Amino acid sequence: MQRAAARVLRGARTPPAGTPSATARVPPPRGLLYERHGEPAAVVQLKDLKVAELRDSDVHVKMLAAPINPADINMIQGTYAILSPLPAVGGNEGVGEVLEVGRRVTALKPGDWVIPAGAGVGDSVIQNAANSGVGQAVIQIAKASGIKTINVVRDRPDLPKLVERLMALGADHVITEEMLRKPEMKDIFKSIPKPRLALNCVGGKSTTEMLRHLQPKGTMVTYGGMAKQPVMVPVSTFIFRDVRLRGFWMTQWKKDHAQDQESLTSMMDALCQLIRRGQLTAPACTEVPLQDYKAALEATMKPFTSSKQILLF
Ligand SMILES: NC(=O)c1ccc[n+]([C@@H]2O[C@H](COP(=O)([O-])OP(=O)(O)OC[C@H]3O[C@@H](n4cnc5c(N)ncnc54)[C@H](OP(=O)(O)O)[C@@H]3O)[C@@H](O)[C@H]2O)c1
């Protein structure tokens, strides 16, 4: 049995009459697991698996049948174009039966038969200024949703310390703006898929470089412009990769949803749940007495502070 997010499942159907229900004979969950790459018969082992906690948008699926395809063999050997992070459960196709659905899942119900919509690796997102307050929240929300993050920060003297802090929050990769141009970037995409979403709050050259790593038909959302430089996009990015550029402004989003309190309430509710579970924490803060406001303003304007100045009244 594997935990599968609802979004990877399509084509739900009810099993034919007379088909024995997997729910009725729930065996202990097992999976064909490999902890290192190598010859499949040598490295794959049938192991007991721990089922992940069922979150609101999750679906628990018991696989009923799955083919062994050449791509699966190559993934186990470590020679395929994309590889699952290790340890991994082998296989990408098959049919499964839904055992349980999370609170927010409405399109599926226990007993439905489903097939995976995509390969067995999750989505990923790339973002710049990843150490900002927003960036730290993105890392944690993505982690809680099973989405990998590639986090771009500016180089600085204490870079290893910052990398360690963002990894502890749940970042999968932390790289500098300079790294975006290096051929080593392709190593990252051996274990995670190219991002479908880029989050930009910087602008200028680093944003153009970040855009190069977006999947064809991927979307970049610009929500800030810390470098005070325009976003430059090569013409080929539009023509050959059909990349989509969007903007986001929270103030406008609230105005647009003024009549739809349900959207705001359900978003706040989802965030509060993450906070209660300890999956979303506030960014690093420095408390400053009100009378020291000048020092706080100056600290906010300085580069590489990585800490929110909080005025205490
Ligand atoms: N659109 C919206 O609705 C919305 C809502 C909230 C926030 N925002 C935007 O989101 C961004 C982050 O906000 P925040 O409150 O999370 O910020 P924050 O915690 O104060 O962090 C600021 C970030 O900007 C980076 N930065 C500053 N100057 C830079 C430059 N020249 N080039 C590259 N990076 C630079 C800093 O990196 P260093 O550590 O390298 O200095 C840091 O990561 C801001 O642009 C803000 O305006 C937008």
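Helices here are DSSP runs of H or I of at least four residues, strands are runs of E of at least two, and both are numbered from the N terminus. By that count the protein holds 10 helices and 16 strands, and F238, to which I will return, lies in helix α7.

Before going on, a word on the source: this is a predicted model, in which local features need pLDDT of at least 70 and side-chain atom pairs count only at pLDDT 80 or more, while totals for chains, interfaces and linings use all residues. Residues are numbered from 1 along each chain as its sequence is written, and side-chain values use heavy atoms, with hydrogens and water left out.

Of the 313 residues, 34% are buried, where buried means under 20% relative accessible area, exposed means over 50%, and partly exposed is in between, with a 1.4 Å probe and protein chains only.

Let me turn to the surface around helix α7, residues 235-239, which supplies 3 residues, the largest share, to a nonpolar patch. That patch is formed by V231, V235, F238, I239, F240 and L245, which together have about 600 Å² of accessible area. F238 counts as partly exposed because its relative accessibility is 39%.

My last stop is further along the chain, where strand β15, residues 285-289, and strand β16, residues 308-312, pair in the parallel sense over 5 bridges, pairing being called when DSSP finds at least two bridges between two strands. Within this pair, C285 stands opposite K308 in β16.

Methods:
Patches are made of residues with over 30% relative accessible area and no salt bridge: like charges are joined within 9 Å, nonpolar side chains (Val, Leu, Ile, Met, Phe, Trp, Tyr) within 5 Å. Accessible areas come from the Shrake-Rupley method with a 1.4 Å probe; for residues, only the protein chains shown count as cover. A salt bridge is a side-chain nitrogen of Lys or Arg within 4 Å of a carboxyl oxygen of Asp or Glu.
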